[in-house]
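Subject: The structure I promised you

Hello,

Here is the model for you to open alongside this note. My notes on what turned up follow below it.

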Amino acid sequence: MECPACLSWVEPPRTTCDCGEEVRPSPDTRGANAGEEQEASPSLETVTDSPRKRRAKSGDDSVPAGKKRKKAVARFEFHGTGGTLLKLWVINSCLTFVTLGVYRFWARAQMRQYLYGQLSFRKERFTFHGTGKESFLGMVRLIGLGVLALLGFGAVIGGLAWNLIPEPWSAMLDPSMLALLVGGVASPLVATLLLPFALVSARRYVLSRTAYQGIRFSYRGVIWRAILRLSPFALLTVLSLGLLWPYFYARLQNELTNHTYYGNAPFQCQLEGKNLIVSWVLGLLAAPFSLGISLVWTAATWTRARAEATRFGKARFRSDVTFVGLFRVWLINMVLATLTVGLAMPWNIVRSWRYQASCLRLVGPLNLAAIRQEALEASASGDALLESMDVELDFGA
């Protein structure tokens, strides 16, 4: 800096000349010095760092550097009560008895409407829009097709057997009796092959009537292709006396889930039978010695495996079902059903649904706002067939 009195040069940071005159920096000098001071000061990024980043840079071990954030977790809840379900169950049972069983289709639809309506995800309830009329008409169509199929099957089998049996024996047999005999022997095989059709078709119907936030679910698989993929495993399960059931179960879950959509968003499942066979065999071997309790452990193991193999977008399902928790629910339900001669069924259903829902969660990012409606129509014939085969997929949770 230059002294204004004697024009001597004064080196900063001195501010007084030898002649006693005070020297002040010029505007240009002040700007340069300010720039130097600004460069020496902490950067804006350092000042505005979050406490987590500052602790990580300073070497503070209380929050490790690079620690991943916890993933978003969304849970399911069930809000139903046994008392409310009991009223619905009593009314439906009386009407079903009075109508000689015809009202059971409406009773089944009302049960689904209540149970699905009490299930919530992220505080939003599910809804079921199916009606008893749809199920009744589905059963009527099913009966008509079944009668025609049985008549045609019996006629073809009876005619072939009549022509193939040697003459002395064929004279002793009536063609109609022969057709009934052959049809009776083949009925279990036919039922085994019909099971995949009933499961897939019922899934298609139930999903088409189920909605969340106004957007419906759907099953978009081709039914005859699903039957071709599932029927061999169903047949092998019967021939192996149930030993290969895990492989059919895994193939069934994959088939049903991989063609399931919520709006335009698909689900994925990669469940493998080899991961289930050990728990299945151990459960079967221990069943006679544990009064069937070992199969509860198998059921808990399969529930966790099925959830972990299922994804929705980038999120994965997780299930906290344990043997102890599932056994407690099973034991209480069995005791109450025995003591009340079945009158405790509504509370048993609610208890099972509440436990399963409380254990299920979805872990990972969800972008439900980007999902669009793509509803598909479906017939209730498969659901009616599943009910006639006494296979229940809804109310046992």
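A word on terms first: buried means under 20% relative accessible area, exposed means over 50%, and partly exposed is in between, with a 1.4 Å probe and protein chains only. Helices (H or I, at least four residues) and strands (E, at least two) are DSSP runs, numbered from the N terminus. Please keep in mind that this is a predicted model, where local features need pLDDT of at least 70 and side-chain atom pairs count only at pLDDT 80 or more, while totals for chains, interfaces and linings use all residues. Residues are numbered from 1 along each chain as its sequence is written, and side-chain values use heavy atoms, with hydrogens and water left out.

**Overall**

The protein chain holds 15 helices and 10 strands. It has 397 residues, of which 37% count as buried. Contact here means heavy atoms within 4.5 Å. Looking at contacts between residues at least 6 apart in sequence, 68% join residues at least 24 apart.

**The barrel**

The 10 strands close into a barrel in the order β1-β2-β3-β4-β5-β6-β7-β8-β9-β10, with antiparallel pairing. Neighbouring strands of this sheet are turned against each other by 30° on average, direction ignored. Two strands pair if DSSP finds at least two bridges between them. Angles run from 0 to 180 degrees between N-to-C directions, and axes are lines fitted to C-alpha atoms, for helices over the stretch in contact.

Two helices that pack on the sheet are worth a look. Helix α5 (residues 104-117) touches β1 (73-78), β2 (119-121), β3 (124-128) and β4 (210-212), and its direction makes about 170° with that of β3. Helix α10 (residues 245-258) touches β5 (215-219), β6 (260-262), β7 and β8, and its direction makes about 170° with that of β7.

**Strands β4 to β8**

Strand β5 is largely enclosed by the rest of the structure, because four of its five residues are buried. On one side, β5 pairs with β4 in the antiparallel sense over two bridges, and Tyr212 has Ile215 of β5 as its bridge partner. These two strands form a hairpin with two residues between them, and Gln213 in the turn has a positive phi of about 55°. β5 is also joined to β6 by three bridges, again running antiparallel, and there Phe217 is bridged to Tyr262 of β6.

β6 in turn runs antiparallel to β7, with two bridges joining them. Tyr261 has Pro266 of β7 as its bridge partner. The hairpin of β6 and β7 has two residues between the strands, and Gly263 takes a positive phi near 65°.

In a regular strand the side chains alternate between the two faces of the sheet. β7 shows this alternation: Ala265, Phe267 and Cys269 point to one face and are buried, while Pro266 and Gln268 point to the other and are not. Strand β7 (residues 265-269) pairs with strand β8 (residues 310-312) over three bridges in the antiparallel sense. Partners in β8 include Thr310 for Cys269 and Arg311 for Gln268.

Cys269 comes up again at Gln253, a residue of helix α10. Gln253 counts as buried because its relative accessibility is 13%. Leaving aside neighbours within four places in sequence, Gln253 is in contact with Cys269, Leu271 and Arg306.

**Helices around α14**

The axes of helix α4 (residues 82-98) and helix α14 (residues 345-359) come within 8 Å and cross at roughly 130°. That makes α4 oblique to α14 (angles under 35 degrees count as roughly parallel, over 145 as roughly antiparallel, 65 to 115 as roughly perpendicular and the rest as oblique). The contact is made by Gly82, Gly83, Leu85, Leu86 and Trp89 of α4 and Met345, Pro346, Trp347, Ile349 and Val350 of α14.

The axes of helix α13 (residues 323-339) and α14 come within 10 Å and cross at roughly 175°, which makes α13 roughly antiparallel to α14. Asn348 lies in helix α14 and counts as buried, at 10% relative accessibility. Not counting residues up to four places away in sequence, Asn348 touches Asn333, Leu336 and Ala337.

Happy browsing, and do write back with any questions.

Best wishes
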